[in-house]
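Dear colleague,

I am passing on the structure below, together with some notes on what was found in it. Please read the notes with the model open beside them.

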Amino acid sequence: FFIMMFEVYNDEIYDLLETNSSKKLTITQDREEGIVVKNLAKLPVTSPQEVKDMMDSGMENRAVGKTNMNEHSSRSHLVLKLEARCTNVTTGALSKGKLSLVDLAGSERVGKSGAEGARLKEAQAINKSLSALGDVVRSLVQSGGSGHIPYRNSKLTHVLADSVGGDSKTLMFCNISPLDSSMQETLCSLNFATQAKDVTRNMQTPTKGSPSVGRESPMSPMTRGSNSSKARSQPGTPIGRPK
């Protein structure tokens, strides 16, 4: 097993497990691996405790900040990837699988959060990327995955392309607030979840030498509004982090 952990902060990607690296992180498409973030640290793990320790270490490096609505507000989208590799001892065939766990930063109404300066820039980037994710979901609903899907409109949707498309299985959780003051945000989140659960991908049987695709598959509801999600397909651009 291997673990990777990164955040999408102000529409840039930052490694949370190897923060001292000066290497640029770029999103690429690989025929065998699917979506790959080049130069991202990929560390071996052998037990649940090692995974937890890595997660705890990565969380310490995540961008957080104080707003009027949350004293420890997430200012980035968090992506944790676990990769499993198995070798058939008889044939020698190698099989791979990926599990992506995603914690989405909540959409923000600046009037309520009181975001200014750096916090305002973060809020704008968060809202823009969530809007791009909404566009991807709408395109998947309308085309069943067979038409153009705007994965490359943001770093977030680009790195999640092979987790919400292709032959992936996707489970999304929508976190909402029971407060009357959060009614508008709750309705937006529920509308998003309602649309996400209507996604059905029309996939064909893979042919030899072609990227893996599967059969028709429904997509379960996703995370928006307050936090959490999952993700798989296509390429991006370089990075650098002034934190």
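To begin with the cysteines, the count of disulfides, taken as pairs of cysteine sulfur atoms within 2.5 Å, comes to zero. Cys-174 is partly exposed at a relative accessible area of 23%, and Cys-188 is likewise partly exposed at 37%, where buried means under 20% relative accessible area, exposed over 50%, and partly exposed in between, with a 1.4 Å probe and protein chains only.

Please keep in mind that this is a predicted model, in which local features need pLDDT of at least 70 and side-chain atom pairs count only at pLDDT 80 or more, while totals for chains, interfaces and linings use all residues. Residues are numbered from 1 along each chain as its sequence is written, and side-chain values use heavy atoms, with hydrogens and water left out.

The largest nonpolar core (buried Ala, Val, Leu, Ile, Met, Phe, Trp, Tyr and Cys residues joined through side-chain atoms within 4.5 Å) has 30 residues, of which Phe-6, Ile-13, Val-37, Leu-140, Tyr-151 and Val-159 touch the most other members. At least two residues of this core come from each of β1 (2–9), β4 (34–38), α3 (118–143), α4, α5 (161–164) and α6 (183–196), the helices (H or I, at least four residues) and strands (E, at least two) being DSSP runs numbered from the N terminus. The helix α3 gives the most to this core, with six residues. Apart from this core lies another, of nine residues, among them Ile-3, Leu-16, Leu-17 and Val-51.

Leaving aside neighbours within four places in sequence, Val-37 is in contact (heavy atoms within 4.5 Å) with Phe-6, Ile-13, Leu-25, Thr-26 and Val-159. Thr-157, in helix α4 (residues 155–159), is buried with a relative accessible area of 2%, and, with the neighbours within four places again left aside, Thr-157 is in contact with Ala-132, Leu-133, Val-136, Pro-150, Tyr-151 and Arg-152.

Two residues other than glycine deserve a look at their backbone. Asn-10, in the loop between β1 and β2 (12–15), has a positive phi of about 50 degrees and is partly exposed at 21% relative accessibility. Asn-39, in the loop between β4 and β5 (43–44), has a positive phi near 75 degrees and is partly exposed, with a relative accessible area of 39%. For context, most residues other than glycine have a negative phi.

With kind regards
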